[in-house]
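I opened this entry to record what I looked up, residue by residue. The structure comes first and my notes follow.

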Amino acid sequence: MSGHGSGPHGRLPTLALGALGVVFGDIGTSPLYALKESFVGHHPLAVDHAHIFGVLSLIFWTMTLIVTFKYVFIVMRADNEGEGGSMALLALIGRSLGETRWTPVIAMLGVIATALFYGDAIITPAISVLSAVEGLTVVETSLGELVLPIAIVILLGLFLIQKHGTERVGAFFGPVMAVYFVVLAVLGVTNIIVHPQIIGIVNPYWAWHFFALDPRLAFLALGSVVLAVTGAEALYADMGHFGRKAISLAWLYAALPCLMLNYMGQGALLLDHPEAASNPFFLLAPEWARLPLVILATLATVIASQAVISGAFSITRQAVQLGFLPRLRILHTSASAEGQVYVPIVNWALLIFVVLLVLSFRSSSSLAAAYGIAVTGTMVITTCMLGVLTFSVWRWSPVVAGTVTGLFLIIDGAYFLSNATKIPDGGWFPLLVAAIVFVMLTTWSTGRKVMRRYLAEGAIDLDLFIKSTAGSVRRVAGTAVFLSSTSEGVPPALLHNVKHNKVLHERIVILTVTTEAVPSMPEEGRITIADHGANFYRMRLRHGFLEDVDIPASLKTITTCGAPFGSMDTSYFLSRQTLIASEKPGMALWREKLFAWMIRNAATPMEFFNLPTNRVVELGSQVEI
């Protein structure tokens, strides 16, 4: 993913091309399986005029209402200083509304949407790559046995290159996807010419006629139709990387027309050749072009998968900064693009799950049953949060806000309910992943609050501590920075230092680092300092949820705290708490044990806060929660 270095301020056509490569990879590869699943999936339809026109009309109106109207025209206006996605939207609403009785509900919705995203991030690479490689069976039936091994090798390669970053590979994304979208359009047009009446699918009558003809099958077909808009959430999530204008431009003038031409072309093909429903995408091409098309489609699916994997890294980083996950090892893969990160533990976990998924489900059709529930769940949540936004933050008239929210809730709700019928056939998988992620996010968030409460109960007032140590504890040269999770009381590391070493440094700084609900903090207001006398200072360092924290670099900018902070005479003291799960009120015992395990496996604060390893002292203590 292009990070903030490319930012929304670059040249619009270049950004639109980049957006075509990264943002529309997922939705762009939907023609490989969306129409096919409607006719040969878990609820097959008769391949006749009424059903072909009905399904295509539904696809057209789904794209128009969900992607164009909901995401491009409305949701993308909800930017948090240019950033998008469920975490950014959650932070935006939280900042605008402050603490209200709805705050916990909105926070919970944001967490559920994030949890569902991880389920989606596992299925997208599996179904996309499998559906492309399955094109080999159209080229030559006997190649069917090679589909699984080839798909797994491609996926292994994809996850192995992640540590090198996407900047180098990213340069190819836009042009490759541009070629891919042109090929989609050309394949579509060559078949539309044979049956120009297929353009009539834009008339909503055909969608209505489909429901009138067979309401039950039409409702179940929504579960396959929605596969055409998987990846719509990426338009919003990637807004910070390319900007609203570039994404809107790429969608309205490139992605949408090319996709619809291809779907119409597939429909035109089915009118003459109903048997082509087994794989209409690859059968659109003449025989000589099918192998090159398989290669191009495979490249496109790798790019689609790359966007989702990069998204998982970005969301993980935001969740860490906003206090929903423990500190993790996060590596930057680009010197210029601050948004490009690599999270090793997420990468390897995704790889294991993706390979298991491919080996378990074995075909894109089986995986299609698992796909959709996470996507539609996220769409419903985005609509709920959009409702809060239109009523409380943007303050639209209640009639307009209610109508817009209600309309999208009905549409998204229908798709979600249709996908819910697929839970026994594989839809349980993304829900299981989402449930595990949800438990971890909420356990960490709640556990931190409980631990802070117990630490605060036993905390000593700083002014009282200063009085009690004045004259009785020897002061030594240098500066000691004590990291504290709260801005109240004396941190445990400072108490232990006095108790065991019986000395205090000449200058004592108690530092609390907090993440604000904005992507980046302006320079003014970033650092606040309170002088408590006797060379004791309490300092707060604020940063945005997309910024990395570099404590030594921040301290070097301070001029109002006595002498400058020299790298050789500043030591950093950290409190390392060992948690003991107990029956005390707080969380269920199993969640306390999970929280204790997460703390033990969190990345060291040294790496996270960029502290010099030779200047850090860790002092441990036990906390019962």
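I started with Trp61. At 27% relative accessibility I count Trp61 as partly exposed, because the buried class ends at 20% and the exposed class begins over 50%. The model is predicted, and I kept that in mind throughout.

I then looked up the neighbour, Phe60. Phe60 has a relative accessible area of 18%, so I put it down as buried, the cut-off being under 20%.

**Aromatic pairs**

My search of the whole structure returned 19 aromatic pairs. One of them joins Phe60 and Trp61: the ring centres are 5.2 Å apart and the planes stand at 85°, so I entered the pair as edge-to-face.

I also looked at Phe353 and Phe429, another edge-to-face pair, with 6.3 Å centre to centre and 65° between the planes. This pair links distant parts of the chain, since Phe353 belongs to helix α17 (residues 344–361) and Phe429 to helix α21 (residues 428–457), 76 residues apart. I noted Phe353 as partly exposed, at 33% relative accessible area. Phe429, at 9%, is buried.

Ring pairs also join Phe53, Tyr205, Trp206 and Trp208 into a cluster.

**Helix α4**

Next I checked helix α4, which covers residues 49–74. I counted 26 residues in α4 and a reach of 35 Å from first C-alpha to last, close to the 38 Å expected at 1.5 Å a residue. I found a bend of about 30° at Thr68. Is α4 enclosed by the rest of the structure or not? Largely enclosed, I wrote, because 21 of its 26 residues are buried.

**Val202**

I looked up Val202 in the loop between α9 (167–192) and α10 (205–213). Its relative accessible area is 34%, and I have it as partly exposed. Which residues does Val202 touch, leaving out those up to four places away in sequence? I listed Phe60, Trp61 and Met264. I also noted Val202 against Ser57: they are 145 residues apart in sequence, yet 5.8 Å apart in space from C-alpha to C-alpha.

**Strand β4 and its partners**

I moved on to strand β4 (residues 503–515), where 10 of the 13 residues are buried, so I call the strand largely enclosed by the rest of the structure. Strand β3 (residues 474–483) pairs with β4 in the parallel sense over 8 bridges. In that set I picked out Thr479, whose bridge partner in β4 is Arg507. With strand β6 (residues 536–543), β4 again runs parallel, joined by 8 bridges. Here I found Ile508 opposite Phe536 in β6.

**Charges over rings**

I came back to Arg507 for its side chain: the charged end sits over the ring of Phe565, 4.0 Å from its centre. I recorded Arg77 in the same section, lying over the face of Trp394 at 4.9 Å from the ring centre.

**Positive phi**

Most residues other than glycine have a negative phi, so I searched for exceptions. Lys502 is not a glycine, yet I read a positive phi of about 55° there. I placed Lys502 in the loop between α23 (492–501) and β4. At 56% relative accessibility, Lys502 counts as exposed.

Ala534 also has a positive phi, near 55°. I found Ala534 in the loop between β5 (527–533) and β6. Is Ala534 exposed or partly exposed? At 48% relative accessibility I wrote partly exposed, because exposed needs over 50%.

Terms used
Residues are numbered from 1 along each chain as its sequence is written. This is a predicted model: local features need pLDDT of at least 70, side-chain atom pairs count only at pLDDT 80 or more; totals for chains, interfaces and linings use all residues. Side-chain values use heavy atoms; hydrogens and water are left out. Helices (H or I, at least four residues) and strands (E, at least two) are DSSP runs, numbered from the N terminus. The expected span of a helix is 1.5 Å times one less than its number of residues. The bend at a residue is the angle between axes fitted to the seven residues ending there and the seven starting there. Buried means under 20% relative accessible area, exposed over 50%, partly exposed in between (1.4 Å probe, protein chains only). Rings of Phe, Tyr and Trp (its six-membered ring) pair if their centres lie within 6.5 Å; planes under 30 degrees apart count as stacked, over 60 as edge-to-face and the rest as tilted. A charge sits over a ring if NZ of Lys or CZ of Arg is within 6 Å of the ring centre and within 35 degrees of the ring normal. Two strands pair if DSSP finds at least two bridges between them. Contact means heavy atoms within 4.5 Å.
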